[in-house]
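User: I'm new to this structure and would like to learn how to read its features. Could you walk me through a few?

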Amino acid sequence: MWKYYAASYEWAPPVATTEYKHNDDPDNPTKADIILQNVSALMVGRYYCVNKEYYNNNRHLTLDRLVKMHKASMIYIYVNDSDQLLVPVDKTDFKVHRNDLFVIPCKPTLPNVEVGLYRKNESDMKENCKFVVYGCLLRFDKLEDSGSYFCKAKGKSEQSIHFKIEVIEPSEYLMTPSIQSNIEASVPLGERILLECKVNITAGIDLSLEWMIPRPRTQFNESKFNAMPLKVVSTKDDMLTMSGEFVIENVIQADTGTYRCIVEDQNGNKKKSALKLYVHKSPDYVLLREVHNRSKINVHRQSNGEIPPIDIAFEYHSYPVSITYEWMNGAGMQITAGHNGKYELNHTDPYVKLRINEPSVYDTGYYTLRVKAGAASNQQQIGVYVYAKPSVVMESSIEGKLVRMGDFVHFTCRATGFPCPEISFQYRQCKMLQNCSIDDMESYTWHSPNRTDETLITKTGVLTDNVTAPGVVYCRATNSEGNETVQLLVSGPTDGITLEIEHPEETVTVGDQITIVCSAVVDNYTDEISCTHNGKDLQQVDGAQISHHNTSYTWQVRIDVESVQHEHEGPIHCRVKSVYNTYETRSIDLQVQDPVSPKLSSGEGSTNLAVELNRPFQLTCDVIGTPDPRITWLKNGSPMVLDAGSNRVQLTRTNLTFELLREEDLGIYECRAENKMGRLEKYWKVEERKMDLWKVEGKLMLIVEYCKHGNILNFLQRYRPFFVDQVHQPIEEIGSPTNINQIRSTSN
């Protein structure tokens, strides 16, 4: 919900509406948008986004206190209104108590407007007025300070706002008390707590003090809670400070709750203050908070081109006070000081700090601080995002090879930057590479390829195209920081001659039909190409078929062997004549292996497995053969299809891995391996292991498990589901706060 606040008067923006929406984020399921319409100077002020339920249950807390407790956040809105440099106010008459600080609502509509407060005329400016964002903060020390005041923007406008101030004695009102505790933050079991309630009063005021505690009357123990006698101490002038102490002996978890101090004067006027105490089950604890209450740090390059060092700091409170700590990066690696000055680690009570020097986009990621005190530990994570324009690298599947007409070529573009760049491709074919000008890229269409987000900063795009002529492939990566374009020429190999086995792509075995291709670029070589095998020219003999081809830019000789045998093994040479009447030779060594059908390297073809749920689990298909068998995984007779949005189940060629096995994962799994010599199947029947109940006679040993940190019910549901099935009663929090018992003391 949204709330609004002005220091000295009731205020709300005149035209404001709120829309509530639902998010996909489970940690923040709802959001509230405030919409300001017909914006004017009347809308300048403080706006608070606050948890509605917490606000309604803690109306005694100020909005600024809720911000400090991380239950609300605040934004101050200025309005550029040239006609009104000061914010109009409805209330101009105020009563102020002597010796009190008071905010006169002289608020500028823009932060660069300088405002002055005057008593009689512009020559009588109040020099002791401290201007803050919401007005003029001034202390009224004397009753003679009563009278008329006005404020205006210095030298910029004739607009002025007049106020009438009446200074009254503090005896006519009651001040708000304050509570302090001898132990900050969380309280360990068994400690002694001392709460002190203080309030400033004027001499002659009859004041009483009362404590309210969060315990039912039936649980109240006179010896455990003690309200000490009131103390009164003179301060300055005719002011006094009254204080009362409240002692809690040997605290237990049920003492958790809100403790209130209520003061009342002789006229029945009451003021109160509250303090929330948290008692931990464990005597040791660690509390962590990022010093600026940030969940992420955004880092941009400065105008001088440099990126400033990144400082991460956490405030901690612990018992015992002595701690050990470690920093981890997003890859789970520990960060240590050094690395040529890259990291600086610092620990000064109560702060733990990390500085990242000379940051770059590669420092983007999540950083985790782990702190341990005694038997307790805690960790907090913060995201660091270093904004940078993309850098791009592109490669192709034909690198180092000659492109042939009709080939499908994969172009892979890898871009790094933050935000993670968007990738697009442009492929332009041209008979002459000189005609592919980079100057007119924008006149051609850019295509979005298949993309994969590798990390927070890196994305890969793949373009597959049918190459029929030379050309240029452009890859462009773009983000909010800029863009970069790289190009790749598709014009043949760096070496003008290639000799390669085109088919099969896998291991060559006896009986395979193979194709060997020798190619030469037409610009540098003639069509005079000859091939030799084991020292003799290859003709249409020995099962080899020789054919000549040419494309728009290559000469080719293709050697086809319908059924390769061991006698075809050995070196093959390709000799090509250049346009300069010289000869060049390329060679490969043909190896032919005996084919072997798939077989298991270990284990049996069928296995029954009884496993525990919610545990890691892996199946391995240990199959060998020549050529390497093609492996297919099936579950209950159907091919495995993995959830693209989860890595809980991971599948490689030979391994099927479950991070945590679930009930829906049970079933019959099949690993099917196949090559040209045959097929083999391996089966696993995966069932849940049943828990056996045994009748025990005689002595019984009871084994107790406990969860040191976190929620015990979540622990049981994850690791002991058979136990949770037996639980029928809800688990309730002990010691919910109530305001039943009261201990009353008076100043008599």
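**Reading strands, loops and unusual bonds**

Analyst: Let's start in a loop: Asn 581 sits in the one between β44 and β45. Keep in mind that this is a predicted model.

User: What is the phi of Asn 581 like?

Analyst: Asn 581 isn't a glycine, yet its phi is positive, at about 65°. Asn 636, in the loop between β50 and β51 (638-639), also isn't a glycine and has a positive phi of about 50°.

User: Is Asn 581 buried or exposed?

Analyst: Asn 581 counts as exposed because its relative accessibility is 56%, and the cut-off for exposed is over 50%. Try Glu 210 in strand β16 (residues 207-212): its relative accessible area is 11%, so Glu 210 is buried.

User: How do strands of a sheet pair?

Analyst: Strands of a sheet pair through backbone hydrogen bonds, in a parallel or antiparallel way. Here, four strands make an open sheet with antiparallel pairing, in the order β41-β40-β44-β45. β41 (536-537) and β45 (583-590) are at the edges with a single partner strand each, so one side of each has no neighbour in the sheet. Strand β44 (residues 570-578) pairs with β45 over eight bridges, in the antiparallel sense. Across that pairing, Ile 572 is opposite Ile 588 in β45.

User: Which residues does a cis peptide bond join?

Analyst: One cis bond joins Phe 418 and Pro 419, with omega about 0°. Pro 419 is in the loop between β32 (407-418) and β33 (422-429). The peptide bond from Thr 626 to Pro 627 is cis too, with omega near -10°, and Pro 627 lies in the loop between β49 (623-626) and β50 (630-635).

Technical notes: Residues numbered from 1 in each chain as written. Predicted model: local features only at pLDDT ≥ 70, side-chain atom pairs only at ≥ 80, totals over all residues. Heavy atoms only, no water. Helix = DSSP H or I, 4+ residues; strand = E, 2+ residues; numbered from the N terminus. Buried < 20%, exposed > 50% of the residue type's maximum accessible area, 1.4 Å probe, protein only. Pairing = 2+ DSSP bridges.
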